[in-house]
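Colleague: I would like a close look at a single part of this model, followed by a connected account of how it relates to the rest of the chain.

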Amino acid sequence: MNISKVKFILLLIVLPWCHAVPADVVDKKMQLVGSTPGDQEIKILLGIDPKTPVDFIRWNLVLTAPQVNSRAFTLNLQYGMSQPNTPGFINNGTMLNITGRFSVVSKKIGNAESEVYQLVLSPSSTISLVRINENVFHLLSPDGSLMVGNGGWSYSLNKAGENVNVKRLTSFVQSAFANADTSTRIIFDGRSPCKEIASDGRLSVAEDCFKLKWRFIFERDPKTLQPTRYTVERTDKRRSAIKGSWSLVTDNSKHTDAIIYRLQPDDGSSVAYMLAGDHNVIFFLDKNLNLLTGNQEYSYAANRKLSK
């Protein structure tokens, strides 16, 4: 047998065992943008003085991987106190630039085997993001859980440019609520882009609208803890909240790993859907059950209001 045939046979043996690397990572640059809270946890991870007052942090992350073993990132951050009634900062905030290397690993996050991007910021600091889908990533706490934002900002980053239409959804938990959670009133707060979510005709918004503030209130039966009623409030409809009944969809054959909130309004208008990322973070879905992609100011996520 000649050497060429031997090489070909070895290739056939080795290929099935090779770990597939996402095309986004290897073939081109990928830019992720978004704004997150400026909580103590994220300030410590980023090397920002914990005493510095920070409302939010704006991210511009570029991942470059011309080859599998040559993965680099550039992270441009702007942070500070928010300028009222604008998406910007007082005195333009403070700029921070970080460069380094990253890796992509397969890791179990909650209930799901996931693709995690690990950015090495310094010898003592690494930031991890889990890929929700090809268009949306979410920052992880050091314990591996989804970071929980607040009513102003979430910890999601969004792919800039043309998005990929992805049908499959994943939740990182087996149920929407933990077994020990007996809460009968669950509240999620968040802010999302305005014009984008109104583009499908479901919402009527002002011409100068750049954000919508949301509050989702889910009620459960005190005895069975099954879903009952819900209320949705948003900034332009605060006086006439949307009310209806809700349920959890887990048997959709196209989304076998997903837990989906199904919101049926009393007035007969269109059903709305939310994806349970885990027990504390939910994501907006469009009418076709596609995950919505945010922009550099806001993401399509809402965060559970946790009691202190």
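Leaving aside its neighbours within four places in sequence, which residues is Gln296 in contact with?

Modeller: This is a predicted model, and what follows should be read as a description of that prediction. Leaving aside neighbours within four places in sequence, Gln296 is in contact with Val33, Gly34, Ser35 and Arg58. Gln296 itself sits in the loop that runs between strand 15 (281–285) and strand 16. Its relative accessibility is 40%, which is why Gln296 counts as partly exposed. The side chain of Gln296 also makes a polar contact, at 3.1 Å, with the side chain of Glu297. A further relation is given by the backbone: the C-alpha atoms of Gln296 and Leu157 are separated by 8.0 Å, although these two residues are 139 places apart along the chain.

Arg58, one of the residues that Gln296 touches, leads to another part of the model, since Arg58 is also among the contacts of Leu77. Leu77 belongs to strand 3 (residues 70–80), and because its relative accessible area is 0%, Leu77 is buried. With neighbours within four places in sequence again left aside, Leu77 is in contact with Leu46, Ile57, Arg58, Trp59, Thr94, Met95, Leu96 and Ile98. The C-alpha atoms of Leu77 and Gly93, which are 16 residues apart along the chain, are separated by 9.8 Å.

Strand 16, which borders the loop of Gln296, brings us to the salt bridges, of which the model has seven. In one of them the side chains of Asp181 and Arg304 meet, with a distance of 2.8 Å from N to O. This pair links distant parts of the chain, as Asp181 lies in the loop between strand 8 (156–159) and strand 9 (185–193), whereas Arg304 lies in strand 16 (residues 301–304), 123 residues apart. Both Asp181 and Arg304 are buried. Together with Arg220, these two residues are linked in a network of salt bridges.

Another salt bridge joins the side chains of Asp266 and Arg229, at 2.4 Å from N to O. Here too the pair links distant parts of the chain, 37 residues apart, with Asp266 in the loop between strand 13 (260–265) and strand 14 (272–276) and Arg229 in strand 11 (residues 227–234). Arg229 has a relative accessible area of 37% and is therefore partly exposed.

A salt bridge is also formed by Arg131 and Glu115, whose closest N and O atoms are 3.3 Å apart. The two residues are 16 places apart and connect distant parts of the chain, Arg131 being in strand 6 (residues 125–131) and Glu115 in strand 5. Arg131 is partly exposed because its relative accessible area is 21%, while Glu115, at 19% relative accessibility, counts as buried. The cut-off matters for this pair, because buried means under 20% relative accessible area.

Strand 5 (residues 112–122) also holds Ser114, which counts as buried because its relative accessibility is 7%. A polar atom of the Ser114 side chain lies 3.0 Å from the backbone oxygen of Ala112. Not counting residues up to four places away in sequence, Ser114 touches Val105, Ser106, Lys107, Ile109, Val130 and Phe172.

Key:
Residues numbered from 1 in each chain as written. Predicted model: local features only at pLDDT ≥ 70, side-chain atom pairs only at ≥ 80, totals over all residues. Heavy atoms only, no water. Helix = DSSP H or I, 4+ residues; strand = E, 2+ residues; numbered from the N terminus. Buried < 20%, exposed > 50% of the residue type's maximum accessible area, 1.4 Å probe, protein only. Polar contact = N/O pair within 3.5 Å; in protein donor to acceptor, adjacent residues only side chain to side chain. Contact = heavy atoms within 4.5 Å. Salt bridge = Lys/Arg side-chain N within 4 Å of Asp/Glu carboxyl O.
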